[in-house]
Amino acid sequence: MIPYRPAAAIRPGDIVTSYAGKRVEIGNTDAEERLILIDELAQAIITSGENTAERCWRLPMPEDSRELLKSDLADINNNSSSRYGGAIAAAIFLSKSIGDQRWAHIDIAGPAFVKKGPDYSSPGAKGFGVRLLCDLIDGI
């Protein structure tokens, strides 16, 4: 597989990997703006996180971690067979029900209530994700 490098020339038949982890076959070199656009769309919620100080990142969902949700009795188990990687297991579980739709998992449990507030806010309940989503929607 050829790594995606904007400065490198691409040819029909090349395979590049987008920011979102999708492998893309190059069928037409005259449609390069689409490669940039899909990376920008995947980056949007991270940018909103930077704008609002509600930190976000693209959570990896590696194939080997999918094994942790296998079930002998059903299509999938809702809990990992390992005590590690709970956030990754949750993301994989959620991804199974949405297909190819764009989505974001905003985990509000951890930052829901803080004892010491950051510089821009006081201690207490935060409503984490509200400013993030407002910024994202405002940018659409």
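This note goes through the predicted model point by point, from the overall fold to individual residues.

1. Overall architecture. The secondary structure of this predicted chain consists of four helices and four strands, and their order along the sequence is β-β-α-α-α-β-β-α. Two strands therefore open the pattern, three helices follow, then two further strands, and a helix closes it.

2. Burial and contacts across the chain. Of the 140 residues in the chain, 17% are buried, where buried stands for a relative accessible area under 20%. The chain exposes about 10600 Å², and 55% of that area is supplied by carbon and sulfur atoms. When contacts between residues at least 6 apart in sequence are considered, 36% of them join residues at least 24 apart.

3. Salt bridges in general. The count of salt bridges comes to four, and three of these, including the pair R11 and D14, are taken up in the next points. As general background, side chains of opposite charge can pair when their charged atoms come close.

4. R11 and D14. The closest N and O atoms of the salt bridge between R11 and D14 are 3.6 Å apart. The two partners differ in their exposure, because R11 has a relative accessibility of 52% and counts as exposed, whereas D14, with a relative accessible area of 7%, is buried.

5. R66 and E63. The side chains of R66 and E63 form a salt bridge with an N to O distance of 3.2 Å. Both residues belong to helix α2, which covers residues 63–66, and they are three residues apart, or about one turn of the helix. E63 is exposed, its relative accessible area being 59%, while R66 counts as partly exposed at 22% relative accessibility; the value for R66 is above the 20% under which a residue would be called buried.

6. K70 and E67. A further salt bridge joins the side chains of K70 and E67, at 3.3 Å from N to O. K70 is exposed, with a relative accessible area of 56%, and E67 is partly exposed, with a relative accessible area of 46%.

7. S95 and its surroundings. S95 lies in helix α3, which spans residues 86–95, and S95 is buried, with a relative accessible area of 12%. Leaving aside residues up to four places away in sequence, S95 touches M61, R66 and W103. One of these contacts, R66, is also the salt-bridge partner of E63, and another, W103, returns in the next point as part of a surface patch.

8. A nonpolar surface patch. F93, L94 and W103 form a nonpolar patch on the surface, and together they have about 240 Å² of accessible area. F93 is found in helix α3 and counts as partly exposed, at 32% relative accessibility. F93 can be a patch member on this measure because its value is over the 30% that membership requires.

9. Backbone at A53. A53 deserves a separate entry, since its phi is near 65°, a positive value in a residue other than glycine. In general, most residues other than glycine have a negative phi. A53 is placed in the loop between α1 (32–52) and α2, and this residue is partly exposed, with a relative accessible area of 38%.

Terms used
Residues are numbered from 1 along each chain as its sequence is written. This is a predicted model: local features need pLDDT of at least 70, side-chain atom pairs count only at pLDDT 80 or more; totals for chains, interfaces and linings use all residues. Side-chain values use heavy atoms; hydrogens and water are left out. Buried means under 20% relative accessible area, exposed over 50%, partly exposed in between (1.4 Å probe, protein chains only). Contact means heavy atoms within 4.5 Å. Patches are made of residues with over 30% relative accessible area and no salt bridge: like charges are joined within 9 Å, nonpolar side chains (Val, Leu, Ile, Met, Phe, Trp, Tyr) within 5 Å. Accessible areas come from the Shrake-Rupley method with a 1.4 Å probe; for residues, only the protein chains shown count as cover.
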